[in-house]
Amino acid sequence: NKWPEALENYEAGRKIYLELGNKQGISMCDNNIGVVYEEQGELKKALEKYLAALEIKKELDDPEGLGAAHLSLGSVYIKLAASGQKAEFLRKAKMNLEQALAISKSANLKEEIRESYNGLSTLYSEMANPKAALENYKMYILYRDSLQNEENTKKTVQAQMQYEFDKKEAAVKLEQEKKDAITAAENRKQRIILFAISGFGLLVLGFALFAYRSFLQKKKANIAISHQKHIIEEKQKEILDSIYYARRIQRSLLPNTKYISKTLSRLHPN
């Protein structure tokens with residue numbers, strides 16, 4: 001109910017729609033500006049805006065908009081009747097409300113039909129016609145209850161649809177959870193297999209490293225033994241060479257056996 005702020009924003013919206021050349025938007029703003037004026041009691045300004053909105057709705061051939069515009073005009077004419085020229089304003093109110101009802105029925109706009117009957121009931125009360133007021137009020141109640149029943153039915157259907165949706169969603173969620181559980185179990189199985197293979201691979205690698213290390217140590221030992229053997233053989237060769245060398249020296253210094261025998265025979269002939 002902050003009417004000045006509402007009016008300011010509707011005027012700003014109308015200016016933008018005017019710049020865009022959007023007649024639907026202009027008529028909507030005109031109607032809403034009329035509502036603000038009507039709520040503030042500025043009925044003549046409201047009437048001016050409602051009439052402007054009506055002309056655009058006629059141009060656009062908008063049944064729903066036309067029905068709403070005639071309803072607004074009927075409402076404001078009833079209120080203007082209290083300020084003077086009662087018969088004239090009530091006549092105009094009746095004309096607009098009947099047009100609103102006819103347009104709404106042709107387009108099967110139940111909410112507008114309901115409000116048209118409500119407006120006509122108020123109008124006939126102002127015209128001191130209680131019978132017509134009651135008949136229109138009954139029709140208003142009929143459409144009101146029908147719309148409420150439709151709304152209740154709609155809510156029931158929506159609730160049922162929501163229930164079915166939630167049920168299906170729960171089933172899908174449960175199925176997904178099962179799939180996730182299977183996937184998780186399969187992943188655990190794969191990890192166990194991977195760990196087992198990795199462990200076996202590490203064991204084989206460790207054994208291979210141990211065997212390779214042993215091979216290197218054995219090779220190193222064999223090299224050391226071969227080296228020691230070579231040293232010993234060299235030493236043996238040196239010793240044998242020394243022995244042979246000493247023997248050659250000995251043989252070169254000592255006379256041979258024939259020479260000794262010949263010498264002894266010569267010294268001792270008998």
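**Close-up views of a predicted model**

**View 1. Q40 and its partners from the start of the chain numbering.** Leaving aside residues up to four places away in sequence, Q40 is in contact with W3 and P4. This is a predicted model, and Q40 sits in its loop between α2 and α3 (43-60). If you trace the chain from W3 to Q40, you pass along a separation of 37 residues in sequence, yet their C-alpha atoms lie 7.5 Å apart in space. Is Q40 buried or exposed, or does it fall in between? Its relative accessible area is 33%, so Q40 counts as partly exposed.

**View 2. N31 and its polar contact with S72.** Here we step into helix α2 (residues 23-39), where N31 has its place. Which side chain does N31 meet in a polar contact? The partner is S72, with 3.4 Å between the two side chains in this contact. S72 also appears in the list of residues that N31 touches, together with Y50, A53 and A69, once residues up to four places away in sequence are set aside. N31 has a relative accessibility of 17%, and because buried means under 20%, this residue counts as buried.

**View 3. N96 and its neighbours.** Next comes helix α5 (residues 86-106), which holds N96. With a relative accessible area of 4%, N96 is buried. Which residues does N96 touch, not counting those up to four places away in sequence? They are H70, L73, G74 and Y77.

**View 4. Helix α6 from end to end.** Helix α6 covers residues 110-126, a run of 17 residues. At 1.5 Å a residue, a helix of this length should span 24 Å, and the end C-alpha atoms of α6 are indeed 24 Å apart, so the two values agree. Which residues of α6 are buried? The list is E112, I113, R114, S116, Y117, G119, L120, S121, L123 and Y124. For those who like to check backbone angles, have a look at A128, which follows α6: its phi is positive, near 60 degrees.

**View 5. A nonpolar surface patch that includes L240.** Four residues, I239, L240, I243 and Y244, make a nonpolar surface patch of about 370 Å². One of them, L240, is found in helix α7 (residues 130-253). How accessible is L240? Its relative accessibility is 41%, so L240 counts as partly exposed.

Definitions and conventions:
Residues numbered from 1 in each chain as written. Predicted model: local features only at pLDDT ≥ 70, side-chain atom pairs only at ≥ 80, totals over all residues. Heavy atoms only, no water. Helix = DSSP H or I, 4+ residues; strand = E, 2+ residues; numbered from the N terminus. Buried < 20%, exposed > 50% of the residue type's maximum accessible area, 1.4 Å probe, protein only. Polar contact = N/O pair within 3.5 Å; in protein donor to acceptor, adjacent residues only side chain to side chain. Contact = heavy atoms within 4.5 Å. Expected span 1.5 Å × (residues − 1). Patch = residues over 30% accessible without salt bridge, like charges linked within 9 Å, V, L, I, M, F, W, Y side chains within 5 Å. Areas by Shrake-Rupley, 256 points an atom, 1.4 Å probe, with all protein chains shown as cover. Salt bridge = Lys/Arg side-chain N within 4 Å of Asp/Glu carboxyl O.
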